[in-house]
Amino acid sequence: EKIRIEIISFGLTESRIASDATIQQLFVECRLYNFLAEETPLSLPKPTSGQRIHYNYSNVIYVDKANNRARREYLKSMLLKPDLHTDSLRFTVVSDPPEDEQDLECEDIGFAYVSLREIFQKQRDIIEQDIDVFDSQDDSAVIGKLKVSVEALNALRSVYEECKDD
């Protein structure tokens, strides 16, 4: 009755992000549709090319019937209506301005996605897998790799069984 998300580490490829001196600190936000956004509690120094920064951040999204009906209904509709463009967890890599420049805004620099529907179709959770992070200004350019785990299969199976009962 829960989805566990772990944001393990992030590494940059050669990209405009790697060479942009104004981007110094990075944190990662994870969002499930429009319900929930969680972010890593720390922003870490931008890694140099070939290195990774390690967040080792874990979060649980509860989807039990008793307390989280809206999230559960969303998961049901996602499994039943495959045309939704909302079947993914979205990870956003965000540039955090340095402390001495707090007037600057946080800036989304890249996005990565994990499809919950795909986890259900393949009947396989994602464990410590690198996923591509696409440039927020050019979604055909990969700026890095985000290592994540998404354990959702049991929750999705439970929701699916419930769909069959309805």
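Buried means under 20% relative accessible area and exposed means over 50%, with partly exposed in between. The exercises below apply this to a predicted model.

**Exercise 1. Classify Gln-123 as buried, partly exposed or exposed, and state where it is found and what is notable about its phi.**

Step 1. Gln-123 is found in the loop between helix 3 (116–122) and strand 8 (126–135).
Step 2. The relative accessible area of Gln-123 is 36%, so this residue is partly exposed.
Step 3. Phi of Gln-123 is positive, about 55 degrees, although the residue is not a glycine. Most residues other than glycine have a negative phi.

**Exercise 2. Do the same for Asn-56.**

Step 1. Asn-56 has its place in strand 5 (residues 52–62).
Step 2. With a relative accessible area of 54%, Asn-56 is exposed, because the cut-off for that class is over 50%.
Step 3. Asn-56 is a residue other than glycine with a positive phi, near 45 degrees.

**Exercise 3. Check the span of helix 2 (residues 69–80) against its number of residues, then list its buried residues.**

Step 1. The expected span is 1.5 Å times one less than the number of residues.
Step 2. For the 12 residues of helix 2 this gives 16 Å.
Step 3. The end C-alpha atoms of helix 2 are 16 Å apart, which agrees.
Step 4. Buried in helix 2 are Arg-71, Arg-72, Tyr-74, Leu-75, Lys-76, Ser-77, Met-78 and Leu-79.

**Exercise 4. Describe the strand partners of strand 6 (residues 88–96) and how far strand 6 is covered.**

Step 1. Strand 2 (residues 25–32) pairs with strand 6 in the antiparallel sense, over eight bridges. Here Leu-32 stands opposite Leu-89.
Step 2. Strand 7 also pairs with strand 6 in the antiparallel sense, over eight bridges. Here Ser-88 stands opposite Ser-115.
Step 3. Seven of the nine residues of strand 6 are buried, and the strand is mostly covered.

**Exercise 5. Characterise the largest pocket by volume, contributing elements and residue classes.**

Step 1. The largest pocket holds about 210 Å³ of space.
Step 2. Strand 7 (107–115), helix 3 and strand 8 each supply at least two residues of its lining.
Step 3. The lining includes Ser-88 and Ser-115, the pair from Exercise 4. Among the other lining residues are Tyr-113, Glu-118, Lys-122, Arg-124 and Asp-125.
Step 4. By class, the lining residues divide into five nonpolar, three polar and four charged.

**Exercise 6. For three salt bridges, give the N to O distance, the elements involved and the exposure of each partner.**

Step 1. A search of the whole structure finds 14 salt bridges. One of them joins the side chains of Arg-72 and Glu-1 at 3.0 Å, N to O. This pair links distant parts of the chain, with Arg-72 in helix 2 and Glu-1 in the segment before strand 1 (2–12), 71 residues apart. Arg-72 is buried at 2% relative accessibility, whereas Glu-1 is partly exposed at 43%.
Step 2. In the salt bridge of Glu-151 with Arg-4, the closest N and O atoms are 2.6 Å apart. Glu-151 lies in strand 9 (residues 138–151) and Arg-4 in strand 1, so the bridge ties together parts 147 residues apart in sequence. Both are partly exposed, Glu-151 at 29% and Arg-4 at 23%.
Step 3. Arg-16 forms a salt bridge with Asp-135, with 2.8 Å between the closest N and O atoms. Arg-16 lies in helix 1 (residues 16–19) and Asp-135 in strand 8, so this pair ties together parts 119 residues apart in sequence. Arg-16 is partly exposed at 28%, and Asp-135 is buried at 6%.
Step 4. Salt bridges that share partners join Glu-1, Lys-65, Arg-69, Arg-72, Glu-73, Lys-76 and Glu-162 into one network.

Notes:
Residues numbered from 1 in each chain as written. Predicted model: local features only at pLDDT ≥ 70, side-chain atom pairs only at ≥ 80, totals over all residues. Heavy atoms only, no water. Helix = DSSP H or I, 4+ residues; strand = E, 2+ residues; numbered from the N terminus. Buried < 20%, exposed > 50% of the residue type's maximum accessible area, 1.4 Å probe, protein only. 1 Å grid on protein atoms, 1.4 Å probe; cavity = no way out; pocket = protein on both sides within 12 Å on 5 of 7 lines; lining within 4 Å. Points joined across faces, edges and corners; volume = space filled by probe spheres on them. Nonpolar A, V, L, I, M, F, W, Y, C, P; charged D, E, K, R; others polar. Pairing = 2+ DSSP bridges. Salt bridge = Lys/Arg side-chain N within 4 Å of Asp/Glu carboxyl O.
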